[in-house]
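Please open the model in your viewer and keep the selection panel at hand. The tour below suggests what to select next and says what is there.

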Amino acid sequence: MDRQQIGVKLTIDALNLPFQINSFEDRLIMQKTIYLAQAAGINLGYYYHWYLHGPYSPSLTRDEFAIATDISVDLDESEGWKLDDSSSHKLQKIRGIFTENERDELAKKLELLASVHFLIDRKQVSEVDTSRITSTLKRFNKDFSEKDVKGALGELKAYGLLQG
Amino acid sequence: MVSSKGDGAEKLVVDSIHGDIHLTNRELEVIDTVSFQRLRHLKQLAMSQMAYPNATHTRFAHSLGVFAIMARITRIAKASGQINLSPEQEERLRLAALLHDIGHYPYSHLMEQIDKIRLIKEQVEVPDAGEKTIDKSGAPYPEHDFVGTLIITKQRDLIEALGGKRRAKEIANLFGPKRPTESKKSLQLSKLVHSSLDMDRLDYLLRDSQATGVPYGQIDINYLLSNLRVSPSGAVGISEKAIPAAEQFLIARFFMHRTVYYHKTTFGMEEACRQLIHRLRAQGKYEIPKDGKEIEELVTSEALGTFTDAYVDEIVHKAIINNDDEVIQTLAKSIQKRRPPKLLKEVPVLGSVEQSHEPHKGTILKQNCKHYLYNLAKDFNIPLEQFILCETPPLRLERRGPLVFAEDAMKTNLEEEEELIKVFVTGEDEPKSLVDIPYSLISRCAGLFFQSYRLYVIYEGDDKNSVISELCNKVKGWDKA
C-alpha cells in the first residue's frame with residue numbers, strides 16, 4: 001500500500017465501515033464514502049467526475065483494488081499508522097451518516113448525498129433549486145423525489161458538508 | 001515536420017507511427033501554444049531511456065498520435081453512417097484527444113506521485129519509532145487529469161487558441177465529467193480516450209514498442225479500428241471477428257508492462273528520484289511546490305512552460321552541488337550519473353482476484369524486510385534510507401473478471417463496465433463485454449493479476465560488487481517464512 005492507499009484504508013476504518021469491494025453496492029459505498037470524506041476536509045487526493053451514479057473517481061477504483069489485493073493475502077499495511085488529529089476529528093463528526101445497517105440502503109443514501117453535494121459544489125445547480133436538482137438526477141435515471149433531495153440537503157448541512 | 005497542404009486550409013504532420021496527420025488551422029494554433037509545446041519537453045517514458053536508450057520520445061508526439069487515432073475513428077464512424085456528428089462535436093472530440101495529456105507533470109507519474117511514497121523508515125521496524133501519522137489536512141499534488149482541466153480552462157494562450165472560455169470548458173469536460181447536454185454517441189466516442197480499448201493505449205503501445213525496440217507492443221491497430229462499431233444506444237465496440245486482435249491488444253499491454261514499464265532499472269531509478277524529491281520538499285529546498293495548492297498556482301501561471309523534465313533534472317543537480325545530507329547526495333548522484341539502485345531480491349507473483357489467499361512470497365518478502373532490514377543495514381553499515389522496498393501496481397489483463405451469475409451482471413458498476421472492451425456478437429444489436437465471451441482467452445485470464453515485489457539498495461563503496469553480492473546472499477531466502 002502506498003501512503004494514499006493507507007489514507008483510504010484509515011478513513012474507511014475511522015467511519016467503522018468494512019473494507020469490501022466484492023459487489024456493486026460495496027464499490028458504490030466505497031466511492032461515495034471517500035467522496036464525502038473529502039468533502040468533509042480529508043485531503044485524500046482523488047479527483048471525481050460525474051458519471052452514471054454521480055461522482056466517481058477511476059483512480060480510486062484502481063486503489064481500492066490494490067488495497068483489497070493486499071488485504072486478501074493478510075497484508076494490511078495501514079496497521080501502525082493513524083490519521084492526523086484534525087482529520088480524525090472531522091471523520092468523527094460525519095460518522096453518523098454511515099449508520100444504515102443494510103448495505104443497499106446505505107448505498108442509495110450515499111449516492112444521493114454525494115450526487116447532491118457534487119452538483120452544488122461544482123456549481124452545476126443552485127442549492128435552493130431543489131426541483132432542478134431532482135430533475136438533473138432524473139435525467140440520469142435516478143429515482144429520487146424532491147422530498148429526498150430536500151432531506152439530503154438538510155443532512156449535508158447538519159453534518160457541515162454544505163454551508164447552513 | 002509540418003507543411004502546408006497547399007490550399008492553406010490544412011497542415012500536414014508526418015508521424016513515424018501513423019504517417020500523415022492532417023491538422024486544421026485551429027488545431028495547429030493549439031499545438032503552437034506555449035502550454036502545448038511544453039509537451040515536447042516531457043519524455044513519454046520518463047526514465048525508461050536509462051534502460052532503453054532510444055526511449056526519448058515525448059508526450060508531444062504521443063498526443064499527436066492519439067489525435068490521429070481519434071481523427072480516424074470519427075472518419076470511420078461517419079463514413080459508415082453509424083454516427084451523426086456535427087462539425088462542432090467532431091472538432092471538440094479531436095481537440096480533446098489532442099489535449100488529453102496536457103496536465104502531465106515532469107517525468108509524468110514520477111513527480112505526480114511523490115505524495116504517495118512511504119520512506120523505508122516507515123516500512124520497516126525501527127527501534128524507538130513512534131506512531132506513524134498520515135497527515136490529510138493539506139492538499140496533495142492533484143492528479144494530472146485535474147491539472148489538465150486547469151491548464152485548458154485557465155491558460156490564456158490555450159483559451160484563445162480554442163476559441164474562448166466556453167469552448168475551452170466544453171473540451172475540458174470531454175475528458176472529465178459527463179454532461180447531460182452532450183449526445184450519447186459523441187460521449188461514447190470521447191470515452192475511447194480512457195477505456196480498455198482507448199486511443200491512449202493504442203498509440204502508446206505502438207510508439208513505446210517502436211522506441212524501445214521491444215516487439216511485444218505491436219498491435220493490429222488497423223484491424224481494430226476498421227472493426228469498430230456503434231450500437232443504436234451509442235455503445236462502442238468491435239465486431240466479433242476482431243476478438244483475436246482485441247485479445248492480442250490486452251496481452252500486448254500486459255507484456256509491455258512486465259518488460260518495459262516495470263523494468264527493474266527504470267522502476268528503481270524512478271523510485272529513487274521520487275524519494276529524493278519527497279525528501280527535498282520536506283527540507284523546503286529548491287522551491288519545490290509544497291502542496292497541491294502550489295501546484296495549482298504553478299500550472300495556471302506563466303511558469304507552466306518551465307514545468308518540464310528539466311525542472312526535475314535541475315533539482316537533482318542542485319541537490320548534488322549544495323546539499324549536505326548524505327542520503328540525498330547518494331540518491332541524487334545515483335540518478336544523475338546513472339548508477340541505478342541494485343536489485344537485491346525480486347519476487348514476481350501471479351495471483352487471482354477472485355479468491356482470497358494465504359500470504360504469498362511477495363508478502364513474505366515484505367514481512368521479512370519489515371522485521372530484519374534495519375539490522376541488515378546496520379550490519380553492513382549502509383544507511384537504511386539507501387534501501388528501497390517497493391512493489392509494482394497489480395496488473396490485470398482487463399478491469400474485471402467474467403460475470404458468473406446473471407444477478408452480478410445486473411449489479412455491475414456501470415462506470416467500470418463502460419471501460420471494458422465491448423464486442424458485437426453476430427446477430428445482436430448491443431455489444432457485450434469481451435470478458436463475458438465464453439470462448440475468449442480473456443474471459444479465462446481476466447481474474448488474474450501480476451505483481452512484482454522488489455528490494456533495492458543504492459551503494460557506491462569501493463567494495464561495491466562484493467557488498468552487493470553478499471547482500472543478495474543474505475536476502476536470498478527472504479521470500480520464505
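Begin by selecting Ala46(B), which counts as buried because 24 C-beta neighbours lie inside 10 Å, where 20 or more are needed for that label. As you look at this residue, bear in mind that the model is a predicted one. Ala46(B) sits in the loop between α2 (34–37) and α3 (59–79) of chain B, and its phi is positive, about 45°, although the residue is not a glycine. Most residues other than glycine have a negative phi.

Move next to Arg338(B), another residue that has a positive phi of about 45° without being a glycine. You will find Arg338(B) in the loop between α16 (326–336) and β7 (342–352) of chain B. Is Arg338(B) buried or exposed? Neither word fits, because Arg338(B) has 13 other C-beta atoms within 10 Å and is therefore partly exposed.

Now widen the selection to the whole of chain B, which contains 21 helices and 12 strands. Of its 481 residues, 45% count as buried. If you consider the contacts in chain B with a separation of 6 or more, 72% of them are between residues 24 or more positions apart.

Within chain B, select strand β2 (residues 10–15) together with strand β3 (residues 19–24), which pair in the antiparallel sense over six bridges. Three residues form the hairpin connection that leads from β2(B) to β3(B), and across the pair you can find Val13(B) standing opposite Ile21(B).

Then turn to the open sheet of four strands in chain B, whose order is β5-β6-β10-β11 and whose pairing is mixed. The edges are taken by β5 (228–230) and β11 (432–433) of chain B, and because each has a single partner strand, one side of each is left without a neighbour in the sheet. At the β5(B) end, the partner is strand β6 (residues 236–239) of chain B, with which β5(B) pairs in the antiparallel sense over three bridges. Selecting Leu228(B) brings you to a residue that stands opposite Ile238(B) in β6(B).

The following stop is the interface, so display both chains. How many residues of chain B are in contact with chain A? There are 37 of them, and they are in contact with 39 residues of chain A. On the chain B side, the elements that give two or more residues are β4 (132–134), α6 (144–154), α17 (361–379) and α19 (414–418). To colour the residues on this side of chain B by kind, expect 13 nonpolar, 10 polar and 14 charged.

While still at the interface, select strand β3 (residues 81–83) of chain A along with β4(B), since here the two chains are linked by strand pairing: the strands run parallel and three bridges join them. One place to look is Lys82(A), whose bridge partner in β4(B) is Thr133(B).

Finish in chain A with helix α2 (residues 24–39), which has 16 residues and reaches 23 Å from its first C-alpha to its last, close to the 22 Å expected at 1.5 Å a residue. Because 16 of the 16 residues of α2(A) are buried, this helix is largely enclosed by the rest of the structure. Just after α2(A), select Gly41(A), which takes a positive phi of about 110°.

Conventions. Residues are numbered from 1 along each chain as its sequence is written. Chains are lettered from A and ligands numbered from 1 in the order in which they are written. This is a predicted model: local features need pLDDT of at least 70, side-chain atom pairs count only at pLDDT 80 or more; totals for chains, interfaces and linings use all residues. Two residues are in contact if their C-beta atoms, placed from the backbone, lie within 7 Å. Ala, Val, Leu, Ile, Met, Phe, Trp, Tyr, Cys and Pro count as nonpolar, Asp, Glu, Lys and Arg as charged, and the others, Gly among them, as polar. Two strands pair if DSSP finds at least two bridges between them. The expected span of a helix is 1.5 Å times one less than its number of residues. A residue is buried if 20 or more other C-beta atoms lie within 10 Å of its own, exposed if 12 or fewer, and partly exposed in between; C-beta atoms are placed from the backbone.
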